[in-house]
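Here is a short briefing for a first look at this structure. Keep the sequence and the 3D view open while you read.

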Amino acid sequence: MFLNKFEPELINTVILLSVFLIIRIIGKIAIRKIGVKSAINEARIRLISRYFTVTLLIIFLFIEAFIVGVELDEISIVFSSVFAVIGVGLFAIWSILSNVTSGIIMFFSFPYKVGDKIKIHDKDFPIEAVIEDIRAFQLHLRMDNGDLVTYPNNLILQKAVTLLEKDAIEDFGDFH
């Protein structure tokens, strides 16, 4: 009786779940290929894959709501309430969101890789260092004297940066 009543919804849900899994697998393979081709750190590849999966899951849940018969008015009320709360929270921590967004942009288009020696042209605090790690929120830069500097992702995209030496990380010995 239950299956007969909800058979179309169950079939559509199974199809949607299958499509979700296929798109997720193809997306993760594509992200991995881009990351390996660009010589990007394995941790960053996994991080971008998680972002992709979460975005895909939100889309899946939105479509699933339509499949089970939720009206557009009901969805809009829920989503507007959720986005209002998220918006207030993100406004309070906008710099974190900015750094995460910059980290995603850097994954696809940052011309420097882990191990490159760069110079950041900042008038107040110029930095000359080797990129030790590129994370979701910041870069880890190793100075010539061995000091570790964390530099926010959003600032690295706003400053002029010069490549001084490719693959300079081997010169540091025990520091990395």
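Strand 3 and strand 4 (residues 148–152) run antiparallel and are joined by 5 bridges. The model is predicted. The points below start with this pair, then turn to the neighbouring strands, a helix and a surface patch.

**Strand 3 and strand 4**

- Leu141 has its bridge partner in strand 4: that partner is Val149.
- The two strands form a hairpin, with 4 residues between them.
- In this hairpin, Gly146 takes a positive phi near 95°.
- Asp147 also sits in the loop between strand 3 and strand 4.
- Asp147 has 44% relative accessibility, so it counts as partly exposed.
- Asp147 and Ala129 are 18 residues apart in sequence. In space, their C-alpha atoms are 9.3 Å apart.

**Strand 2 and strand 3**

- Strand 2 (residues 127–134) pairs with strand 3 in the antiparallel sense, over 5 bridges.
- One pairing to look for is Ala129 with Met143, its bridge partner in strand 3.
- These strands form a hairpin too, with 3 residues between them.
- Strand 3 covers residues 138–143. Of its 6 residues, 5 are buried, and the strand is mostly covered.

**Strand 1 and strand 2**

- Strand 1 (residues 117–121) runs antiparallel to strand 2, and 4 bridges join them.
- Lys117 finds its bridge partner, Val130, in strand 2.
- The hairpin here joins strand 1 to strand 2 through 5 residues.
- Strand 2 is largely enclosed by the rest of the structure, because 7 of its 8 residues are buried.

**Helix 4**

- Helix 4 spans residues 94–109, which makes 16 residues.
- At 1.5 Å a residue, helix 4 should span 22 Å. Its end C-alpha atoms are 22 Å apart, so the two values agree.
- Which residues of helix 4 are buried? They are Asn99, Val100, Ser102, Gly103, Met106 and Phe107.
- Seen down the axis of helix 4, the buried residues fall within an arc of 160°, so they line one face of the helix.
- Trp94 and Ser109 lie on the other side of helix 4, and they are exposed.

**The nonpolar patch and helix 2**

- Ile59, Phe62, Ile63, Phe66 and Leu72 make a nonpolar surface patch. Its area is about 440 Å².
- Where does the largest share of the patch come from? Helix 2 (residues 42–67) supplies that share, with 4 residues.
- Ile63, one of the patch residues, lies in helix 2.
- Is Ile63 buried or partly exposed? Its relative accessibility is 35%, so it counts as partly exposed. The reason is the cut-offs: buried means under 20%, exposed means over 50%, and partly exposed is in between.

Conventions: Residues are numbered from 1 along each chain as its sequence is written. This is a predicted model: local features need pLDDT of at least 70, side-chain atom pairs count only at pLDDT 80 or more; totals for chains, interfaces and linings use all residues. Side-chain values use heavy atoms; hydrogens and water are left out. The expected span of a helix is 1.5 Å times one less than its number of residues. Buried means under 20% relative accessible area, exposed over 50%, partly exposed in between (1.4 Å probe, protein chains only). The arc is that of the directions from the helix axis to the C-beta atoms. Patches are made of residues with over 30% relative accessible area and no salt bridge: like charges are joined within 9 Å, nonpolar side chains (Val, Leu, Ile, Met, Phe, Trp, Tyr) within 5 Å. Accessible areas come from the Shrake-Rupley method with a 1.4 Å probe; for residues, only the protein chains shown count as cover. A salt bridge is a side-chain nitrogen of Lys or Arg within 4 Å of a carboxyl oxygen of Asp or Glu. Two strands pair if DSSP finds at least two bridges between them.
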